[in-house]
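Visitor: I should like to learn how the features of a protein model are read. Please take them one at a time, beginning with a single side chain.

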Amino acid sequence: QVQLVESGGGLVQPGGSLRLSCAASGFTFSTYAMSWYRQAPGKERELVAVISSAGGITNYGGSVKGRFTITRDNAKNTAYLQMNNLTPEDTAVYYCKAERESLPRLIWWGQGTQVTVSS
């Protein structure tokens with residue numbers, strides 16, 4: 001049974017920080033690229049960050065570059081998203097995504113965790 005379980009979301013004030021975690025099970029985590037996406041009400045789901053299977057390559061969406069950091073710990077089957085200097089525009093449901101780096105390109109999604117940035 002494949003599972004991606006996000007945690008760490010919540011309410012934070014502007015300028016604050018949160019660290020999201022994505023705990024994976026049921027597949028070979030170390031062979032999958034991991035990504036974080038987010039979706040706000042009425043908005044399209046957007047890529048936040050992606051990290052390659054071994055952690056050697058990372059990319060970020062332009063709106064979070066310089067503020068967010070994606071990491072992974074393959075020994076713990078967990079991916080993380082460190083979010084700093086949060087603004088109300090970061091308010092969204094954050095989703096964890098796993099994508100197999102070889103064919104077939106299997107994709108798994110978590111159910112999401114709510115992040116609300118408000119004073």
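Guide: We begin with Arg38, which is buried at a relative accessible area of 5%. Please bear in mind throughout that this is a predicted model.

Visitor: Where in the chain does Arg38 lie, and where Asp90?

Guide: Arg38 belongs to strand E4 (residues 32-39), whereas Asp90 is in the loop between strand E8 (78-83) and E9; the pair therefore ties together parts that are 52 residues apart in sequence. The two residues form a salt bridge, with the closest N and O atoms 2.8 Å apart. Asp90 is buried, as is Arg38.

Visitor: What is the general idea behind such a pair?

Guide: Side chains of opposite charge can pair when their charged atoms come close. In this model, the rule yields a count of four salt bridges.

Visitor: Which residue forms a salt bridge with Arg67?

Guide: Asp90 does, and the closest N and O atoms are 2.8 Å apart. Arg67 lies in the loop between strand E6 (58-60) and strand E7 (68-73), and Asp90 in the loop between E8 and E9, so this pair ties together parts that are 23 residues apart in sequence. Arg67 and Asp90 are both buried.

Visitor: Is Glu46 buried, exposed or partly exposed, and with what relative accessible area?

Guide: Glu46 is partly exposed because its relative accessible area is 33%, which falls between the limits of 20% for buried and 50% for exposed. Glu46 forms a salt bridge with Arg38, the closest N and O atoms being 2.7 Å apart. A network of salt bridges thus links Arg38, Glu46, Arg67 and Asp90.

Visitor: How many helices and strands does the secondary structure comprise?

Guide: The chain has zero helices and 11 strands. For the pairing of strands, the general idea is that strands of a sheet pair through backbone hydrogen bonds, either parallel or antiparallel. Here, E4 pairs with strand E5 (residues 46-51) in the antiparallel sense over five bridges. Met34 has Ile51 in E5 as its bridge partner. Six residues separate the strands in the hairpin of E4 and E5, where Gly42 takes a positive phi near 80°.

Visitor: With which strand does E6 pair in the antiparallel sense over three bridges?

Guide: E6 pairs in that sense with E5. The bridge partner of Val50 in E6 is Asn59. E5 and E6 also form a hairpin with six residues between them, and Gly55 in its turn has a positive phi of about 85°.

Visitor: What is the strand order of the open sheet of four strands?

Guide: The order is E1-E3-E8-E7, with antiparallel pairing. Strand E1 (3-7) and E7 are the edge strands, as each pairs on one side only. On average, neighbouring strands of this sheet are turned by 15° against each other, direction ignored. E1 and strand E3 (residues 18-25) run antiparallel and are joined by five bridges; the bridge partner of Gln3 in E3 is Ser25.

Visitor: How is the pattern of side chains along a strand to be read?

Guide: In a regular strand the side chains alternate between the two faces of the sheet. Strand E11 (residues 113-117) is a case in point: Thr113, Val115 and Val117 point to one face and are buried, while Gln114 and Thr116 point to the other and are not.

Visitor: In which sense does E11 pair with strand E2 (residues 10-12), parallel or antiparallel?

Guide: That pairing is parallel, over three bridges, and Gly10 has Val115 as its bridge partner in E11. Strand E9 (residues 92-100) and E11, by contrast, run antiparallel and are joined by three bridges, Val93 having Gln114 as its bridge partner.

Visitor: What does E9 offer as a further example of a side chain?

Guide: Lys97 lies in strand E9 and counts as buried because its relative accessibility is 10%, under the limit of 20%. The side chain of Lys97 makes a polar contact with that of Tyr37 (3.4 Å). Leaving aside neighbours within four places in sequence, the residues in contact with Lys97 include Leu4, Met34 and Trp108.

Visitor: How does the radius of gyration of the chain relate to the value for a compact globule?

Guide: With 119 residues, a compact globule would have a radius of gyration near 14 Å, and the chain, at 14 Å, agrees. The C-alpha atoms fill a box of roughly 45 × 25 × 25 Å along the principal axes. Buried residues make up 39% of the chain.

Terms used
Residues numbered from 1 in each chain as written. Predicted model: local features only at pLDDT ≥ 70, side-chain atom pairs only at ≥ 80, totals over all residues. Heavy atoms only, no water. Buried < 20%, exposed > 50% of the residue type's maximum accessible area, 1.4 Å probe, protein only. Helix = DSSP H or I, 4+ residues; strand = E, 2+ residues; numbered from the N terminus. Pairing = 2+ DSSP bridges. Salt bridge = Lys/Arg side-chain N within 4 Å of Asp/Glu carboxyl O. Axes fitted to C-alpha atoms, helices over the stretch in contact; angles between N-to-C directions. Polar contact = N/O pair within 3.5 Å; in protein donor to acceptor, adjacent residues only side chain to side chain. Contact = heavy atoms within 4.5 Å. Rg over C-alpha atoms; globule rule 2.2 N^0.38 Å.
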